[in-house]
Amino acid sequence: MNSIHKKLSRYLSISISLLLFCILLATDISVDTWISDEFDRAMINKVGLLETLVEEDENGIEFDFAGEFMPEFEGKENPEYYQLWYKSEVFERSDTLELFEIKALSRLDVKLHEFIIQDTVLPDGRNGRMLYTKFFPQVDSDIREILGISREEFAKNQQPMELAYALSREELDYIHWFVDIIFIFTSIFSVFIIRIIVKLVVSRSLKPISELSQQLRKISLNSKNPEVSVEFLPQELVPIAEGVNQFIKENHILYIREQRMASDIAHELKTPIAELISLSEVALKFPHEKEISDNLASDVHGISYRLKNIVSSIMLLQKSSSSHELETSKINLTDLISNIISRENSDDRDITLLFDIPSLIVNTNKFALETVLSNLINNAIFYSPTNSAIEITTSKIDNRNALIKISNICYENYQENELKLFFDPLWQKDESRTSTERFGLGLAIVKSYCEKIGATVSISLVEKKITFTVSL
């Protein structure tokens with residue numbers, strides 16, 4: 001099973017560790033390069049110092065070196081080495097070269113005023129670094145004035161000298177190794193620390209999800225107000241919690257509605273069944289009563305027919321709620337309404353038809369639309385005074401949409417909250433449910449079929465004139 005905690009911990013640990021490793025590696029390379037450059041710069045400075053000790057005059061070349069100021073070229077402790085060549089011959093070498101079997105430094109080929117730095121093995125066997133350069137000895141300005149020539153003219157006749165300077169690189173290697181060890185140790189230590197920190201941060205960050213899960217486990221549809229508290233949730237989880245609350249709310253409403261519907265269905269079926277039982281008990285108790293026996297068949301037929309209507313309405317409501325796709329076709333709305341009126345208006349009620357288009361064509365399922373309009377027209381006829389008119393209007397909104405309005409005067413003065421309950425299955429204003437002809441399923445079937453065909457149905461009440469509006 002995929003785990004957000006494990007994935008986040010793994011990816012964050014790897015990415016941060018790689019980033020830190022790259023930073024540390026770049027730092028290590030930069031420090032090593034800087035230390036090497038500083039080491040080479042120190043060698044160049046030392047060679048420059050030795051070059052300034054070489055002077056040339058009319059009597060020749062003089063190397064003004066004082067060992068007491070540079071003991072590293074005389075003692076055995078961490079010795080350094082230099083060697084001068086003049087006219088391809090050894091001119092001068094450090095005293096430290098006399099201490100070992102190898103008494104000379106390597107001579108390289110280098111251009112004038114340039115230098116070569118390379119690793120080498122020192123006469124004492126240590127790993128070292130050597131700088132080799134070629135230069136002209138300096139000439140004192142007093143000497144040039146005496147000779148009466150410029151430095152450039154003097155340099156034309158000068159012979160270049162070569163200088164090799166070498167010293168141990170062990171301290172440099174030690175610093176490099178020390179920096180590398182620190183880098184390796186820091187990298188390994190950082191990986192473990194990052195892993196621990198990431199786990200703690202991810203665990204703490206995902207804790208609200210666990211708390212949300214705990215809240216969801218405690219929610220029951222039997223609760224009066226089942227919802228998830230969003231007060232202490234992070235803002236990223238608030239939309240999820242609100243979506244869950246909306247889902248819970250809708251399901252809670254459906255749950256309460258199903259409970260009420262089951263109770264109402266039981267009540268609707270219980271009454272005719274009780275009547276059948278009572279009739280049969282009376283008939284059994286008084287088998288010779290002619291009046292009872294004569295009326296028994298008609299009474300049983302009427303009760304059975306009522307039971308059939310209840311069951312048929314429930315089945316029709318269930319059919320409208322199924323997921324089966326309904327076929328659509330082009331329907332002449334004007335003809336359909338006229339046919340329904342001729343079938344439902346058995347009492348020749350006054351029905352006013354207002355069609356803005358003589359033949360209004362809509363594309364929908366004929367059975368569903370006919371069921372919707374039959375229930376609404378029948379509902380208007382049944383719940384309006386016999387001397388009042390019923391008004392049916394149709395209008396075309398655009399090429400695809402149409403409006404149907406069915407209006408009538410109603411007996412009851414409904415409240416706004418009662419209008420919202422009209423489309424609930426088995427809802428009746430009469431809580432005692434004394435009606436033997438209406439069961440509160442017609443408008444529920446209307447709403448269900450409207451949703452099925454993508455239509456909407458709404459209700460409004462203005463001064464006892466109630467209007468149902470169907471938008472196709």
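This is a short talk on the salt bridges, charged surface, aromatic pairs and a few backbone details of one predicted model.

Hi everyone, thanks for coming. A little housekeeping before the chemistry. Because the model is predicted, local features need pLDDT of at least 70 and side-chain atom pairs count only at pLDDT 80 or more, while totals for chains, interfaces and linings use all residues. Residues are numbered from 1 along each chain as its sequence is written, and side-chain values use heavy atoms, with hydrogens and water left out.

Let's start with charge. How many salt bridges does a search of the whole structure find? The search returns ten, where a salt bridge means a side-chain nitrogen of Lys or Arg within 4 Å of a carboxyl oxygen of Asp or Glu.

Here is a local one. Glu38 bridges to Arg41, and their closest N and O atoms are 2.5 Å apart. Both residues belong to helix 1, residues 4-52, and they are three residues apart, about one turn of the helix. When I say helix or strand, I mean DSSP runs numbered from the N terminus: H or I with at least four residues for helices, E with at least two for strands. As for solvent, Glu38 is partly exposed at 34% relative accessibility, and Arg41 is partly exposed too, at 40%. The scale here is buried for under 20% relative accessible area, exposed for over 50% and partly exposed in between, with a 1.4 Å probe and protein chains only.

Now one with a longer reach along the chain. Asp40 and Arg129 meet through their side chains in a salt bridge, 2.8 Å from N to O. This pair links distant parts of the chain, with Asp40 in helix 1 and Arg129 in strand 6, residues 127-135, 89 residues apart. Are these two buried or exposed? Asp40 is buried, because its relative accessible area is 14%, and Arg129 is buried as well, at 15%. The pair also takes part in something wider: Asp40, Asp119, Arg129, Arg169 and Asp173 are linked in a network of salt bridges.

One more bridge for your notes. Arg126 pairs with Asp124, with 2.9 Å between the closest N and O atoms. Arg126 counts as buried at 16% relative accessibility, whereas Asp124 counts as partly exposed at 24%.

Let's go to the aromatics. Which pairs count? Rings of Phe, Tyr and Trp (its six-membered ring) pair if their centres lie within 6.5 Å, and planes under 30 degrees apart are stacked, over 60 edge-to-face, and the rest tilted. By that rule there are twelve aromatic pairs. Take Phe73 and Tyr82: their ring centres are 5.0 Å apart and their planes are at 80°, so this pair is edge-to-face. Phe73 is buried at 1% relative accessible area, and Tyr82 is buried at 2%. Tyr86 and Phe91 are also edge-to-face, because their centres are 6.4 Å apart and their planes are at 70°. In that pair, Tyr86 is buried at 19%, but Phe91 is partly exposed at 28%.

Back to Tyr82 for a moment. This residue sits in strand 3, residues 81-86, and belongs to one aromatic cluster with Phe63, Phe65, Phe73 and Tyr165. Tyr82 and Tyr132 are 50 residues apart in sequence, yet 9.6 Å apart in space, C-alpha to C-alpha.

A similar sort of contact involves Asn339, which is in helix 7, residues 333-344, and is partly exposed at 48% relative accessibility. From Asn339 to Ser374 it is 35 residues in sequence and 9.8 Å in space, C-alpha to C-alpha.

Last topic, for those of you who like torsions. Most residues other than glycine have a negative phi. Which residues here have a positive phi without being glycine? One is Asn78, with a phi of about 50°. Asn78 is in the loop between strand 2 and strand 3, and is partly exposed at 46% relative accessibility. Another is His113, whose phi is near 65°. His113 lies in the loop between strand 4 (89-93) and strand 5 (115-121), and counts as exposed because its relative accessible area is 56%.

That's my tour, and I'm happy to rotate the model for anyone who wants another look.
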